[in-house]
Amino acid sequence: MLHPVGPLPAAVYWRRRLVVLVLLVAVVGGLGWGTVWFLDRRSGVSEAAASTTTARPTELPALDRVVPSAAAAVRTPAAPSEPTSPPSAPAAPARPAGGPCADDVLLLEVRTPGQAAVGSKPTFQLVVGNTGSVPCVRALDKELQELVLVGAGGNRVWGSNDCFPESSDEPRTLAPGEVVVVPVVWGGLTSEPTCTAPRGAPAPGAYLLRGRLDTKVSADAPLTLQ
């Protein structure tokens with residue numbers, strides 16, 4: 001192999017071998033250079049991408065897309081509403097002057113001397129008045145008036161209309177604040193509505209006197225019999 005054999009001079013064959021060797025070295029060198037260039041190219045692209053990534057930090061999402069706006073997240077508490085007073089009840093219509101005295105404007109009470117002797121004849125009083133603001137009319141007929149004496153246990157002792165009932169026609173116009181006093185004398189004896197039971201003086205003790213004018217009933221007043 002070191003000594004070429006052929007019809008041509010040996011120098012020819014050495015030149016041919018030299019050319020082939022040069023071509024082979026060129027090819028190998030070209031492939032090596034190409035490989036190095038390709039690797040350098042990729043490395044450069046990677047570094048450029050890395051530098052670009054480093055130079056441009058990842059864009060953070062907009063704050064208003066992550067956290068609701070302060071106006072929406074933190075609502076200013078509404079001022080407490082002022083308490084509303086309930087609507088006032090409509091005023092009652094004014095009563096016409098000269099109309100009837102209703103029970104709600106009628107004053108009715110009874111008065112006693114407080115103490116009385118057993119068998120005596122004390123005088124009681126039935127008091128009628130107008131507490132309204134306009135004059136009104138109320139019937140003070142005798143049959144509509146009644147006084148009743150009851151014992152401490154609530155038992156009926158005497159009634160003013162039991163044995164001596166009276167009747168009359170007495171409409172009375174009462175001015176505002178006017179008071180009428182009707183005296184009633186008790187005979188000192190017991191009675192019942194038919195006045196058929198024996199009558200006698202009640203025993204000493206505490207009693208209550210109650211008055212009535214038609215549908216209006218008074219509070220009780222105390223009476224002590226001694």
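Tutor: A salt bridge here is a side-chain nitrogen of Lys or Arg within 4 Å of a carboxyl oxygen of Asp or Glu. The model is predicted, so to speak of local features we need pLDDT of at least 70, and side-chain atom pairs count only at 80 or more, while totals for chains, interfaces and linings use all residues. Residues are numbered from 1 along each chain as its sequence is written, and side-chain values use heavy atoms, leaving out hydrogens and water.

Student: Okay, how many salt bridges does the count come to by this rule?

Tutor: Take Glu 178 and Arg 172 as one pair that qualifies, with their closest N and O atoms 3.5 Å apart. Going through the model by the rule, the count comes to seven.

Student: Is Glu 178 in that pair buried or partly exposed?

Tutor: Let's set the scale: buried is under 20% relative accessible area, exposed is over 50%, and partly exposed is in between (1.4 Å probe, protein chains only). Arg 172 comes out at 33%, so Arg 172 is partly exposed. Glu 178 has 25% relative accessibility, so Glu 178 counts as partly exposed.

Student: Which residue does Arg 212 form a salt bridge with?

Tutor: Look for a carboxylate whose closest O atom is 3.0 Å from an N atom of Arg 212. The pair links distant parts of the chain, 66 residues apart, with Arg 212 in strand S10 (residues 205-213) and the partner in strand S6. Strands are DSSP runs of E, at least two residues, and helices are runs of H or I, at least four, both numbered from the N terminus. The partner is Glu 146.

Student: So is Glu 146 buried or partly exposed?

Tutor: The two ends don't get one label, since Arg 212 has a relative accessible area of 26% and is partly exposed. Glu 146 has 16% relative accessibility, so Glu 146 counts as buried.

Student: How far apart are N and O where Arg 210 and Asp 220 meet?

Tutor: Arg 210 is partly exposed at 34%, and Asp 220 is partly exposed at 36%. Their side chains meet in a salt bridge, with an N to O distance of 2.7 Å.

Student: Where in the chain does Asp 220 sit?

Tutor: Arg 210 belongs to strand S10, and its partner is 10 residues away. Asp 220 is in the loop between strand S11 (216-217) and strand S12 (221-225).

Student: And which residues do salt bridges with shared partners join into one network?

Tutor: We've already met two members, Glu 146 and Arg 212, as a pair. Shared partners join these into one network: Glu 146, Arg 212, Arg 156 and Asp 162.
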